[in-house]
Structure formats: C-alpha cells, structure tokens
Amino acid sequence: MLLLVSAPVPAPAYPIVVRAGSRIELAMRHEATRMAIDGRLVRDDGQPLADMRVVLTVGTTQAANLQTDAAGRFGWAAE
C-alpha cells in the first residue's frame with residue numbers, strides 16, 4: 001500500500017493533513033534494481049504548490065519526507 005499526504009504546514013500533533021482542493025499527480029518507474037516515483041502537487045486550478053512537504057508512507061512505515069520544488073514536483077527512489 002502506498003499513501004502520499006500533503007501538509008500545508010508541519011503539524012506533528014496531526015500526522016495526516018489534507019489541503020482541500022489539492023491533488024497529487026504520480027508516475028511510477030520500475031528500474032532494474034529499484035522503484036521510483038515522480039510526482040507533482042497542484043491546486044485544483046492546476047497551479048503548482050511549491051515548497052510543500054509530502055510524506056511518503058509504504059504500509060505503516062514512513063519512507064520519506066519530501067519537499068516540492070517551484071513547479072510542485074517531487075521525486076523518490078527506493079534504495
């Protein structure tokens with residue numbers, strides 16, 4: 001199971017925060033020895049959400065804390 005959550009501000013007391021109107025676009029790549037995910041976080045009007053935290057969770061394990069760039073993009077690859 002793969003779960004991505006965007007958080008508008010860090011909130012340790014609330015581990016899951018969803019911003020209304022945002023969406024995540026994902027593309028998965030399977031390479032020879034690993035899996036990679038490329039994504040983009042955007043508002044409902046298509047504008048990128050820059051400098052936002054994205055938490056990647058696989059099952060019950062937090063795999064990564066990512067930050068979006070100016071275009072709302074982020075990426076992760078399994079080691």
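Biologist: In the hairpin of β4 and β5, which residue takes a positive phi, and how many residues lie between the strands?

Modeller: In this predicted model, the hairpin has 2 residues between β4 and β5, and Gly 59 takes a positive phi near 65°.

Biologist: What makes β4 and β5 count as a pair of strands?

Modeller: Two strands pair if at least two bridges are found between them, and β4 and β5 are joined over 6 bridges in the antiparallel sense; the requirement is therefore met. One of the bridge partnerships links Val 55 with Asn 65, the latter lying in β5.

Biologist: What about β3 and β6, and in what sense do they pair?

Modeller: β3 and β6 also pair in the antiparallel sense, over 5 bridges, and with a requirement of at least two they therefore count as paired. Within this pairing, Ala 36 has Ala 77 of β6 as its bridge partner.

Biologist: Which elements does the protein chain have, and what pattern do they follow?

Modeller: The chain has 0 helices and 6 strands, and reading along the sequence gives the pattern β-β-β-β-β-β.

Biologist: Why is a certain set of residues called a nonpolar core?

Modeller: The name is used because the members are buried residues of kinds such as Ala, Val, Leu, Ile, Met, Phe and Trp, joined through side-chain atoms within 4.5 Å. The largest such core here has 10 residues, namely Ile 37, Leu 41, Leu 49, Met 52, Val 54, Leu 56, Ala 64, Leu 66, Phe 74 and Trp 76. At least two residues of this core come from each of β3 (35-43), β4 (53-58), β5 (61-67) and β6 (73-77). As a general background, nonpolar side chains tend to be buried together in soluble globular proteins.

Biologist: Along β6, which side chains are buried and which are not?

Modeller: The side chains of β6 alternate, with Phe 74 and Trp 76 pointing to one face and being buried, whereas Arg 73, Gly 75 and Ala 77 point to the other face and are not buried.

Biologist: How do you know whether Thr 68 is buried or exposed?

Modeller: Buried means a relative accessible area under 20%, and Thr 68 has 5%, so Thr 68 is buried. This residue lies in the loop between β5 and β6.

Biologist: What makes the side chain of Thr 68 a partner in polar contacts, and which backbone atoms does the side chain reach?

Modeller: A polar contact needs N or O atoms within 3.5 Å. The side chain of Thr 68 reaches the backbone oxygen of Leu 49 at 2.8 Å and the backbone nitrogen of Asp 51 at 3.0 Å, so both distances fall within that limit. Leaving aside residues up to four places away in sequence, Thr 68 touches several residues, among them Leu 41, Ala 50, Met 52, Val 54 and Phe 74.

Biologist: Is Asp 51 buried or exposed, and how do you know?

Modeller: Exposed means over 50%, and Asp 51 has a relative accessible area of 57%, so the residue is exposed. Asp 51 is found in the loop between β3 and β4, and its phi is near 55°, a positive value in a residue other than glycine.

Biologist: Why is the link between Arg 23 and Glu 25 called a salt bridge?

Modeller: The term asks for a side-chain nitrogen of Lys or Arg within 4 Å of a carboxyl oxygen of Asp or Glu, and the closest N and O atoms of Arg 23 and Glu 25 are 3.1 Å apart, so the pair qualifies. Arg 23 has a relative accessible area of 38% and is partly exposed, and Glu 25, at 31%, counts as partly exposed too.

Biologist: What makes the side chains of Arg 40 and Glu 25 a salt bridge, and what does the pair tie together?

Modeller: Their N to O distance is 3.8 Å, which lies within the 4 Å cut-off, so this is a salt bridge. Arg 40 lies in strand β3 and Glu 25 in strand β2 (residues 22-30), so the pair ties together parts that are 15 residues apart in sequence.

Biologist: How many salt bridges are found in the whole structure?

Modeller: A search of the whole structure finds 5, including one in which the side chains of Arg 73 and Asp 69 meet at 3.0 Å, N to O. Salt bridges with shared partners join Arg 23, Glu 25 and Arg 40 into one network.

Methods
Residues numbered from 1 in each chain as written. Predicted model: local features only at pLDDT ≥ 70, side-chain atom pairs only at ≥ 80, totals over all residues. Heavy atoms only, no water. Buried < 20%, exposed > 50% of the residue type's maximum accessible area, 1.4 Å probe, protein only. Helix = DSSP H or I, 4+ residues; strand = E, 2+ residues; numbered from the N terminus. Polar contact = N/O pair within 3.5 Å; in protein donor to acceptor, adjacent residues only side chain to side chain. Contact = heavy atoms within 4.5 Å.
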